[in-house]
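This report introduces a structure to a reader who has not seen it before. Please look through the sequence and the model before reading on.

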Amino acid sequence: MQYDVSRIDTDYHFNITGVSYIGNPRSNTVMYIGRKIAEQLKKLESVEQCLVFAEKGIEVPVALRKKHAILLVENPQLEYAKLAIQLERMQAEEDKKYRYSDSEESHISETAVIGAGAYIEPGCFIGHHVIIGGNAVLLKGTVVKNAVIGDRFLANEYAVIGANGFTIAEDEEGNKVRIPSLGRVIIGNDVEVGAHNNVSRGSGGDTVLDDYVKLDAFVHIGHDAHLMKNVEVTAGGIVGGYDTVGEKAFLGLNAALRNRIEIGDRALLGMGAVVTKSVAKDTVVAGNPAKMFRAVSGG
C-alpha cells in the first residue's frame with residue numbers, strides 16, 4: 001500500500017507506506033501529535049519522509065519541515081482518522097484479489113506463510129500476508145490477521161490475534177468516528193496466547209509480544225502495547241493501548257493497566273490491581289488504585 005503525500009500537500013513528493021506513532025516513528029509513515037506531547041516531535045529527527053498531522057500552536061523546527069510533511073491543523077486526531085479510513089479502504093481493495101484455501105474446514109489465505117511442522121486444527125482462520133514460524137500450534141477457532149509470528153507459537157482455543165484496536169475520534173459534529181487500525185502484531189518465539197484472548201493490532205505502529213511471553217485465558221492486549229521477554233499475564237488481565245510491560249513482569253488475576261503507562265522489569269501486579277500510573281522495576285503493587293506494597297524480594 002502506497003499513498004502519495006502530494007495529494008494532500010503539493011510541496012512534498014514522497015509516498016507513505018503505513019502508519020506509526022510519534023513515540024516510536026518510522027520513515028514513510030503517517031501519524032498525529034497534539035500539543036500535550038509536543039516535545040516528542042524531536043523524535044522525527046531520526047526518520048525520513050513522514051506525514052504528520054500536528055496540532056496548531058506546536059512550533060516546528062525548519063529542519064523537520066524539510067524532511068517531513070508536517071501539517072498544522074485544529075484536530076490532528078480527526079485528520080489522521082480521515083486519512084486512515086482512506087488507507088483502510090485502499091488495503092481492502094487490494095486484498096480482494098487474494099483467495100482463501102479450505103483445509104480441514106480452516107480458511108487460510110493464499111498469501112499466508114506457515115512454517116514447517118505447524119499444526120492447525122479445524123475452524124481456524126489465517127488472513128492475508130500473515131507469517132507464522134515453524135512448529136506452531138493453532139487450536140480450534142483461532143483467528144490470526146495482520147501478524148508476524150515466530151517459532152513454537154501456541155494459540156489456545158478461540159484466540160484472536162490482530163483484531164482492530166479501539167481508537168475513537170470525534171468529527172466536527174461531535175459524533176464518534178473509529179480510527180482504523182493499520183498496524184500489525186509482532187510475536188517472538190515460544191509465545192503462548194490463551195483461550196479467548198484478544199491481541200489487538202497496532203493502531204499507529206505495532207503491538208509486540210517478545211520471546212517467551214505467556215498469556216492465560218481471557219486476556220486483552222491493547223493496540224501498540226509492548227510486552228517484553230518472559231512477561232506473564234494471568235487470567236482476565238488487561239493491558240491498555242501503548243503500554244510497555246518490562247521483562248519478567250507478572251500480572252495477577254484480573255489486573256488492569258491504564259493506557260500509556262510503563263511497568264518496570266520484574267514488577268509484580270497483585271490480583272485485581274487497577275494500575276493508573278507507571279510502576280518501577282522490582283516492586284509489588286496492589287489495590288484499586290494500585291499502590292506500592294513492597295520491593296520484590298531480591299530485586
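The sections below cover two pockets and a sheet in this predicted model.

## The largest pocket

The largest pocket holds about 840 Å³ of space. Its lining is made up of 32 residues, and those nearest the centre are Gln91, Asp95, Asn146, Leu182 and Arg201. By class, the lining divides into 14 polar, 10 nonpolar and 8 charged residues.

Four elements each give at least two residues to this lining: strand 3 (18-19), helix 2 (76-95), strand 15 (147-149) and strand 17 (160-163). Helix 2 provides the largest share, with 5 residues.

## The second largest pocket

The second largest pocket has a volume of about 610 Å³. It is lined by 31 residues, with Tyr32, Ile37, Gln77, Tyr242 and Arg260 nearest its centre. Of the lining residues, 15 are polar, 12 nonpolar and 4 charged.

Helix 2 appears here too: along with strand 4 (29-33) and strand 28 (238-239), helix 2 supplies at least two residues of the lining.

## The parallel sheet

An open sheet is formed by 8 strands, paired in parallel and ordered 9-12-15-20-23-26-29-32. Strand 9 (113-114) and strand 32 (262-263) are at the edges and have a single partner strand each, so one side of each has no neighbour in the sheet.

At one of these edges, strand 9 pairs with strand 12 (residues 131-132) in the parallel sense over 2 bridges. In this pairing, Ile114 stands opposite Ile132 of strand 12. Strand 15, a member of the sheet, also supplies at least two residues to the lining of the largest pocket.

Conventions. Residues are numbered from 1 along each chain as its sequence is written. This is a predicted model: local features need pLDDT of at least 70, side-chain atom pairs count only at pLDDT 80 or more; totals for chains, interfaces and linings use all residues. Side-chain values use heavy atoms; hydrogens and water are left out. On a 1 Å grid over the protein atoms alone, a cavity is a set of points where a 1.4 Å probe fits but cannot get out, and a pocket is an open set with protein on both sides within 12 Å along at least five of seven lines; lining residues have an atom within 4 Å of a point. Grid points are joined across faces, edges and corners, and a volume is the space filled by probe spheres set on the points. Ala, Val, Leu, Ile, Met, Phe, Trp, Tyr, Cys and Pro count as nonpolar, Asp, Glu, Lys and Arg as charged, and the others, Gly among them, as polar. Two strands pair if DSSP finds at least two bridges between them.
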